[in-house]
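Here are my notes on the side-chain contacts, written as numbered points. Have the viewer open while you read.

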Amino acid sequence: MNEIKCPHCGEVFSVDESDYAALLQQVRDAEFKKAVAEREQLLTTQRDQAIALAKSQDAARIAKLEEAAAAAEKQAQAEKKLAVQEARASVEKERDALAAQLAQAQTQQELAVRDVRAALEKERDALASQVKLVQAEKQQAEALAREKLATELRARDEMLALKDEEIARVKDMKARLSTKMVGESLEQHCETEFNRLRAAAFPKAYFEKDNEVADGTKGDYIFRETDDEGLEVVSIMFEMKNESDESVNRHKNEEFLKKLDADRRKKGCEYAVLVSLLEPESELYNEGIVDMGYRYPKMYVIRPQFFIPIISILRNAALSAQTYKAELAQVRAQNIDITHFEEQMEDFKAKFGRNYDIASRKFATAIEEIDKTITHLQKTKEALLSSENNLRLANNKAQDLTIKRLTRNNPTMREKFAALEEAQAKELEAGEDSPEE
């Protein structure tokens, strides 16, 4: 039998072994449950405190992250705005500089064009004055030529008075000469007439027989004249044709024009002249100088008395043309200078446009880099927001945390809780044993 004393009233009870064991087991179960409840409450309190601390830390961390994200976004916007302003200012500055250069170039172009226009107007006036002078000289020369022609006509009239006698004399001379001698007499006549005026009228002229055979043919005489610089002024291929009145086969001037044109081309002469006594009854050839340009270029048919006049006319025309050619070359040179100026202006415009395109591309590159920075900051913000979501999920998992879940599939925790329960049980047993002593 065992005795148990009540701690409140002091009464002593006697219990047998089975009752004592049951009572002891009851006390042990109550104390264990109480200890477990207290431990569970302690763990719950610690868990709640840890969760609250984690929440406060997460809230503070999220607030800091939000502040950092807001500050980073604000700084990025400020940097973007500053970069855009700097890029715009740089482009505007370069644009203004290029515009100033263009305006200066346009001003220079206008001044140059004005100067060129003034120079051209001055040259035009000078050329107009020269043309007027040339026209006056031409009119004077025409007056002199008319006077000279009138003199020659009077002389011709005087000579016509002796026409019959001269014709009789020529017929008598031709009757005594052979065909070759008739032709040579005309050539000799022309050469004599030219040599008579060579020293006075043609000091730098060449008039000799054409002795060089080209492709089986040659002309009769070649006339060439040069200027003070040795440049050729005019060149004439001459062919002299005559025949006896008693000749059976009468020739016409047109029969010799093709060969004369060919000889002119082979010897590089500018003009071709046929001095002819053929077709003496032809009014066309008897009137004077006949232009055959409709058949062959730069070709004339004349009677012997117009031999010197045709040389003078062609020589004077060539000299006048030479003056106009020089003036034309000068005008063309001025036009070439204007063309070069326009080419330089176009080159400047092209370079200006190229520089503007480069500046535009640089500006676009700067804007693109700013957009990339904004995209990077946006990704950082998304990462921070994703971190906040992960913290929220972790908090939810902490809320669902219990002792049973902590010890599930965790032998170590189970052993520790088992050891704790055993220690509590031993403490209870020690407390129960102390009154019996």
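1. Glu225 is buried, since its relative accessibility is 8% and the cut-off for buried is under 20%. Its salt-bridge partner is Arg315, with 2.8 Å from N to O. Glu225 belongs to strand S4 and Arg315 to helix H6 (residues 307-399), so this contact links distant parts of the chain, 90 residues apart. Arg315 is buried too, at 13% relative accessible area. Bear in mind that this is a predicted model.

2. A second bridge worth a look joins Glu187 and Lys209, whose closest N and O atoms are 3.2 Å apart. Here helix H3 supplies Glu187 and strand S3 (residues 205-209) supplies Lys209, with the two positions 22 residues apart in sequence. Is each end buried or partly exposed? Glu187 is buried, with a relative accessible area of 14%, whereas Lys209 comes out as partly exposed at 33%.

3. Lys298 turns up in two contacts. One is a salt bridge with Glu270, where the closest N and O atoms are 3.1 Å apart. Lys298 sits in the loop between strand S7 (290-291) and strand S8 (299-302), and Glu270 in the loop between helix H4 (257-266) and strand S6 (271-276), so the bridge ties together parts 28 residues apart in sequence. Lys298 is partly exposed at 39% relative accessibility, and Glu270 is partly exposed at 26%. The other contact is with a ring: Lys298 lies over the face of Tyr271, 5.4 Å from the ring centre.

4. For the wider charge picture, the search of the whole structure gives twelve salt bridges. There is also a network of them linking Asp261, Arg264 and Arg265.

5. Now the rings. How many aromatic pairs does the search of the whole structure find? There are eight. One of them is Phe194 with Phe202, a stacked pair at 5.3 Å centre to centre and 20° between the planes. Both Phe194 and Phe202 are buried.

6. Phe194 also pairs with Phe223. The ring centres are 5.8 Å apart and the planes are at 80°, so this pair is edge-to-face. Phe194 lies in helix H3 (residues 179-201) and Phe223 in strand S4 (residues 221-226), so the pair ties together parts 29 residues apart in sequence. Phe223 is buried, as is Phe194.

7. Zooming out, Phe194, Phe202 and Phe223 belong to one aromatic cluster, which also includes Phe207, Tyr221, Phe238 and Phe307.

Technical notes. Residues are numbered from 1 along each chain as its sequence is written. This is a predicted model: local features need pLDDT of at least 70, side-chain atom pairs count only at pLDDT 80 or more; totals for chains, interfaces and linings use all residues. Side-chain values use heavy atoms; hydrogens and water are left out. Rings of Phe, Tyr and Trp (its six-membered ring) pair if their centres lie within 6.5 Å; planes under 30 degrees apart count as stacked, over 60 as edge-to-face and the rest as tilted. Buried means under 20% relative accessible area, exposed over 50%, partly exposed in between (1.4 Å probe, protein chains only). Helices (H or I, at least four residues) and strands (E, at least two) are DSSP runs, numbered from the N terminus. A charge sits over a ring if NZ of Lys or CZ of Arg is within 6 Å of the ring centre and within 35 degrees of the ring normal. A salt bridge is a side-chain nitrogen of Lys or Arg within 4 Å of a carboxyl oxygen of Asp or Glu.
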